[in-house]
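Please walk me through the aromatic side chains of this protein, taking the pairs one after another and saying where each partner lies.

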Amino acid sequence: DMDTPCDGSTSGDSCLSDVKQAIQSVTRHFDNAQYGVVGTASSAGSDAYYPIAPVGSSYPEIAAALTGVTSHGTTRNLAEVLEDLGESYLKQTSTADEVDNDGDGMTGDWAESPIGYSCTEVHLVVLTKDRPTDDDQVSFSYAMASSASSAEVACTAGGLGSPDAQCFYDNVVAHLYNSDLSSLSGTQRAIVHTVGLNVGAGSIGENLFLNASSNTTGDGIYDNVDTGDEILGSILNVVAEISAGTYTRSSPVLSADGSHLIYTFFELTGINPLAQGHVRDYRLDIDPASPTYGEVLYEGPSAYGGA
């Protein structure tokens, strides 16, 4: 069902085309993270993810891999894919080394976990047109992961109902969030974000995805969009939230007369997907007779570090 436009119209680019363009734009212009891409299974009987580009692949590699991606019916085994990623990809003991060991032409390797350091953060962004289908092959530990809220969603192939047979997505998201996926120190969890592609308001899908976000205490974002531009914007908002609080800083530079110390820094706040640029200017004491000769004079507001 990705062959038709995301907004439900009968003309225009397909939803799959819009998604591929959005992924390419993010991986090309926002290189402060490593990216990988997978798809849902190619048949209803499979419970695996469809490999497209492993984490660590470059923009040209991801763009080339996406070129050959086509839709394959209405299988949306979202929970099965997430479990498979957790168990067979993220939990591997071999870690990424930026060498194409499997010879497939891509820097990343499917046989290596992207969790290489204790500080590594794993974020999975799921883009989907509706609730999961053909998504019933989920292991007990994942399917029974408890929800953090009272809004547990259970459904069968026909709609809402128990026992749960097709709405394990929120449970799997909870399991990945509350599990340690590596033997490294600390906890290396996976945080799942969901971008709905014109998912119906009040539908089973929307309630399921909202509950999945609740199961990560809000760390995982849920958003619902209609058009190609909105898809890109939604992914960028997720990237901005992930990067919020990080910054880069230049080396301090002395002014020509030696009386000012200047540096720049760029900050990701989570409000805007683009970094905010800042310049700070500190005055130096250049009077040889002064007891603070050569020192920085913190005369500015404390909110700006005395600059």
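Over the ring of which residue does the charged end of Arg189 sit? In this predicted model, that ring belongs to Tyr177, and the charged end of Arg189 lies 4.5 Å from its centre.

From a charge over a ring we can turn to rings that pair with one another, of which the count comes to 6 aromatic pairs. One of them joins Tyr89 and Trp110, whose rings are 5.4 Å apart from centre to centre with 55 degrees between the planes, an arrangement that counts as tilted. Because Tyr89 belongs to helix α3 (residues 78–90) while Trp110 lies in the loop between α3 and β3 (122–128), the pair ties together parts that are 21 residues apart in sequence. Tyr89 has a relative accessibility of 4% and so counts as buried, and Trp110, with a relative accessible area of 18%, is buried as well. Together with Tyr49, Tyr89 and Trp110 make up one aromatic cluster.

Another pair is formed by Tyr282 and Tyr298, and here the ring centres are 5.7 Å apart with the planes at 75 degrees, so the pair is edge-to-face. This pair, too, links distant parts of the chain, since Tyr282 is in strand β11 (residues 276–284) and Tyr298 is in the segment after β12 (296–297), 16 residues apart. As for their surroundings, Tyr282 counts as buried because its relative accessibility is 8%, whereas Tyr298, with a relative accessible area of 59%, is exposed.

Key: Residues numbered from 1 in each chain as written. Predicted model: local features only at pLDDT ≥ 70, side-chain atom pairs only at ≥ 80, totals over all residues. Heavy atoms only, no water. Phe/Tyr/Trp six-rings, centres within 6.5 Å; stacked < 30°, edge-to-face > 60°. Helix = DSSP H or I, 4+ residues; strand = E, 2+ residues; numbered from the N terminus. Buried < 20%, exposed > 50% of the residue type's maximum accessible area, 1.4 Å probe, protein only. Lys NZ or Arg CZ within 6 Å of the ring centre and 35° of its normal.
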